[in-house]
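Dear colleague,

I am passing on the structure below, together with a short account of what was found in it. Please look through it at your own pace, with the notes that follow beside you.

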Amino acid sequence: MQNASKVNLHFSDWKNKSIVRSGRFKESPDELFDENLTDYPDNLLPFIGHPAYEALDDRIKSRIGSFAWIAWNKRVVDTEELIIGPALACLIANKTDITLKGIPKMAIRQAIVDEYFHSHMHDIAVGITIENRSLSQEDVEQLDKPALLYRRYQEVASDLPEQWQKDIALLVWCVIGELSIYEFLTFVSKDETVQPASRSLVGLHERDEAVHASLIQAVMEDNYQYLSEEQKSCFEACLPYGLSAFSAVDWVIWQDVLRISGVKDSEQIIKDVINDSSISNTIPLNRSFVRIKRFCENVGISTEDIF
Ligand SMILES: [Fe+2]
Ligand SMILES: [Fe+2]
């Protein structure tokens, strides 16, 4: 299907298919909270198998799962609110040399509406966990650092003197985020050991993101050519940094999760895990990276040195 037809289809489907319009999301989920299930998949805990982690009692392990889940949701909300929302707003305000109008502009605005509703959904997920696990608000508020992908954006943006360069960098982060968040969400939504309400919420988000990935790719493929040569070279220069920001494991947040859960050896555990060559420092966003590579090839960005 041609990109323009895809955008038209997503635009006209939105009123029926998007979560915000369909009414499928319930603030009080039908699924009951099962305290025997984990809040976060054990197999995604990077320190599983570490002797100090394995020696912890079940109460602390359960707290680690809860704070890991809250941190995971916060990463999703940070992606929506600090990257995707502002970047898409920048795009429809024509802050770059891309001028969007008509259906593509309206479809991107629909995506912005979706993103803020997704943040609301994840707020609900966090609230359910806090309530059912009787976590203190003060402990939860200690998870106050923005996600690594945003901290890395800030580092890159602070090295770029011009506002238009910061806008392009934000757009790069947005394209990578929108083409990879679907895969990131599947890590949790498919895991049957986690709370069913969490899985169904993430599953709903995934559906919208499958549409967003297709929409953003189509709009950007049709419009990349309108960026000036300077904007294009800035876009290409930022790409490797963005890819690394989205795929790097956030060890700082993992240490916070352990510390807030009451683990005394949190610093040592994280040091050991970072130094353990059998534990990956990256999130396996393989399918997404294939898709981003295809996008690059379609708009004429050389991928030799990037992938
Ligand atoms: Fe989203
Ligand atoms: Fe999205």
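To begin with one pair of helices in this predicted model, α8 passes α9 in a left-handed crossing. The two helices, α8 at residues 163–189 and α9 at residues 196–223, pack at an angle of about 155 degrees, and their axes are 8 Å apart. Since angles over 145 degrees count as roughly antiparallel, α8 is therefore described as roughly antiparallel to α9.

Helix α8 also matters for the account of the interior, as it supplies 15 residues to the largest nonpolar core, which is the largest share of that core. The core has 78 residues, and those that touch the most other members are A68, A87, V172, W173, C174 and V257. If you would like one residue to start from, C174 may serve: leaving out residues up to four places away in sequence, C174 touches I83, I84, A87 and L88. Of these partners, A87 is itself listed with C174 among the residues that touch the most other core members.

Turning to the chain as a whole, the secondary structure comes to 13 helices and 0 strands, so that, by the way elements are assigned here, the order from the N terminus on is α-α-α-α-α-α-α-α-α-α-α-α-α. The C-alpha trace spans about 60 × 45 × 30 Å along its principal axes. For 307 residues, a compact globule would have a radius of gyration near 19 Å, and the 20 Å found for the protein chain agrees with that. Of the 307 residues, 38% count as buried. Among contacts between residues at least 6 apart in sequence, 82% join residues at least 24 apart.

Finally, there is a loop residue that you may wish to look at, N94, whose place is between α4 (58–92) and α5 (102–132). Is N94 buried or exposed? N94 counts as exposed, because 12 C-beta neighbours lie inside 10 Å and a residue with 12 or fewer is classed in that way. Apart from neighbours within four places in sequence, N94 is in contact with T99 and L100. The C-alpha atoms of N94 and K105, which are 11 residues apart along the chain, are separated by 9.9 Å.

With best wishes

Notes. Residues numbered from 1 in each chain as written. Chains lettered and ligands numbered in written order. Predicted model: local features only at pLDDT ≥ 70, side-chain atom pairs only at ≥ 80, totals over all residues. Helix = DSSP H or I, 4+ residues; strand = E, 2+ residues; numbered from the N terminus. Rg over C-alpha atoms; globule rule 2.2 N^0.38 Å. Buried ≥ 20, exposed ≤ 12 C-beta atoms within 10 Å, placed from the backbone. Contact = placed C-beta atoms within 7 Å. Core = buried A, V, L, I, M, F, W, Y, C linked by C-beta atoms within 7 Å. Axes fitted to C-alpha atoms, helices over the stretch in contact; angles between N-to-C directions. Parallel < 35°, antiparallel > 145°, perpendicular 65-115°, else oblique. Left-handed = near helix turned anticlockwise from the far one by under 90°.
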